[in-house]
Every structure is written in structure tokens, then in C-alpha cells.
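Subject: A structure for you to explore

Hello! Here is the structure I promised to pass on to you. Please open it beside this email, and then read on for what turned up in it.

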Amino acid sequence: MVLTYFEIGKMIIEEGQKGKERADYGKRMLLVISRKLTQDFGKGFSETNIKQMRVFYEIGKTVFRCQIELSSLRIQAISFTNI
């Protein structure tokens, strides 16, 4: 489920909003996505939940980026200590 929420948030940001803070047509997009997902999959895709999925993706993307940077620093530190 977590991955599903992350991917829905990603879809909203990257495809719907084209990476911008908000889509040009704003709140209506979330309502359309909510209705479509509810029609296709049932409960759990309210407009509020869709907004939360978008925020979840933004936070998750930032955390993932930080993990990669920390991993890179660890590798550099290990390489440096092996000299």
C-alpha cells in the first residue's frame, strides 16, 4: 500500500503538475483523480487522501535523496580510511 500511495503522489506531481508547486488547473485535478480512482478501485481515494499521497511523495522523495547522499558520503569515508 505504501508504494501505491507513493506512486500515486508521484503521478500527481510529475504528470499532473509537471513538477510545479500546483497544477495550472489546481484543485479540480485532485477531484478528478479521486473520482477516477474511487470508480476503478473503490473506497480510500477521497480528495483528502489524494492530497496526502501527493505530500507523502514529496516527503519520501526528499528522504530518499538524503539517504543516497548519506550512502555516498559513507562510501567516500570508507574509501578515504582505506588509503
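Let's start with one residue: lysine 61 is partly exposed, with a relative accessible area of 26%. On this scale, buried means under 20% relative accessible area, exposed means over 50%, and partly exposed lies in between (1.4 Å probe, protein chains only). Lysine 61 forms a salt bridge with glutamate 58, at 3.7 Å from N to O. The term salt bridge stands for a side-chain nitrogen of Lys or Arg within 4 Å of a carboxyl oxygen of Asp or Glu. Glutamate 58 is partly exposed too, at 31%. These two residues sit three residues apart in helix α3 (residues 47-81), so about one helical turn separates them.

Before going further, a word on where the values come from. This is a predicted model, in which local features need pLDDT of at least 70 and side-chain atom pairs count only at pLDDT 80 or more, while totals for chains, interfaces and linings use all residues. Residues are numbered from 1 along each chain as its sequence is written, and side-chain values use heavy atoms, with hydrogens and water left out.

**The overall picture**

The protein has three helices and zero strands, and the pattern along the sequence reads α-α-α. Helices (H or I, at least four residues) and strands (E, at least two) are DSSP runs, numbered from the N terminus. Of the 83 residues, 22% count as buried. The protein exposes about 6,500 Å², and carbon and sulfur atoms supply 61% of that area. Accessible areas come from the Shrake-Rupley method with a 1.4 Å probe, and for residues only the protein chains shown count as cover. Among contacts with a separation of 6 or more, 48% join residues 24 or more positions apart; contact here means heavy atoms within 4.5 Å.

**The other salt bridge**

How many salt bridges does the structure hold? There are two. You have met one of them, between lysine 61 and glutamate 58. The other joins lysine 36 and aspartate 40, with the closest N and O atoms 3.2 Å apart. Being four residues apart in helix α2, lysine 36 and aspartate 40 are separated by about one helical turn. Lysine 36 is partly exposed at 46%, and aspartate 40 is partly exposed at 40%. Side chains of opposite charge can pair when their charged atoms come close.

**Serine 34 and isoleucine 33**

Now look at helix α2 (residues 27-41), where you will find serine 34. Is serine 34 buried or exposed? Serine 34 is buried, with a relative accessible area of 7%. A polar atom of its side chain lies 2.5 Å from the backbone oxygen of phenylalanine 45. That fits the term polar contact, a pair of N or O atoms within 3.5 Å; within protein, one must be able to donate a hydrogen and the other to accept it, and residues adjacent in sequence count only if both atoms are side-chain atoms. Leaving out residues up to four places away in sequence, serine 34 touches Phe45, Ser46, Glu47 and Ile50.

Isoleucine 33 is in helix α2 as well, and is buried at 14%. With residues up to four places away not counted, isoleucine 33 touches Met11, Ile12 and Ile50.

**Aromatic rings**

A search of the whole structure finds three aromatic pairs. The rings of phenylalanine 41 and phenylalanine 45 have centres 6.1 Å apart and planes at 50°, so this pair is tilted. Rings of Phe, Tyr and Trp (its six-membered ring) pair if their centres lie within 6.5 Å; planes under 30 degrees apart count as stacked, over 60 as edge-to-face and the rest as tilted. Phenylalanine 41 is exposed at 59%, whereas phenylalanine 45 is buried at 8%. Elsewhere, Phe6, Phe56 and Tyr57 form one aromatic cluster.

**Two stops in helix α3**

Asparagine 49 lies in helix α3 and is partly exposed at 26%. Its side chain reaches the backbone oxygen of glycine 44 at 3.0 Å.

Valine 63 lies in helix α3 too, and is partly exposed at 43%. Together, Val55, Ile59 and Val63 form a nonpolar patch on the surface with about 250 Å² of accessible area. Patches are made of residues with over 30% relative accessible area and no salt bridge: like charges are joined within 9 Å, nonpolar side chains (Val, Leu, Ile, Met, Phe, Trp, Tyr) within 5 Å.

Enjoy exploring!
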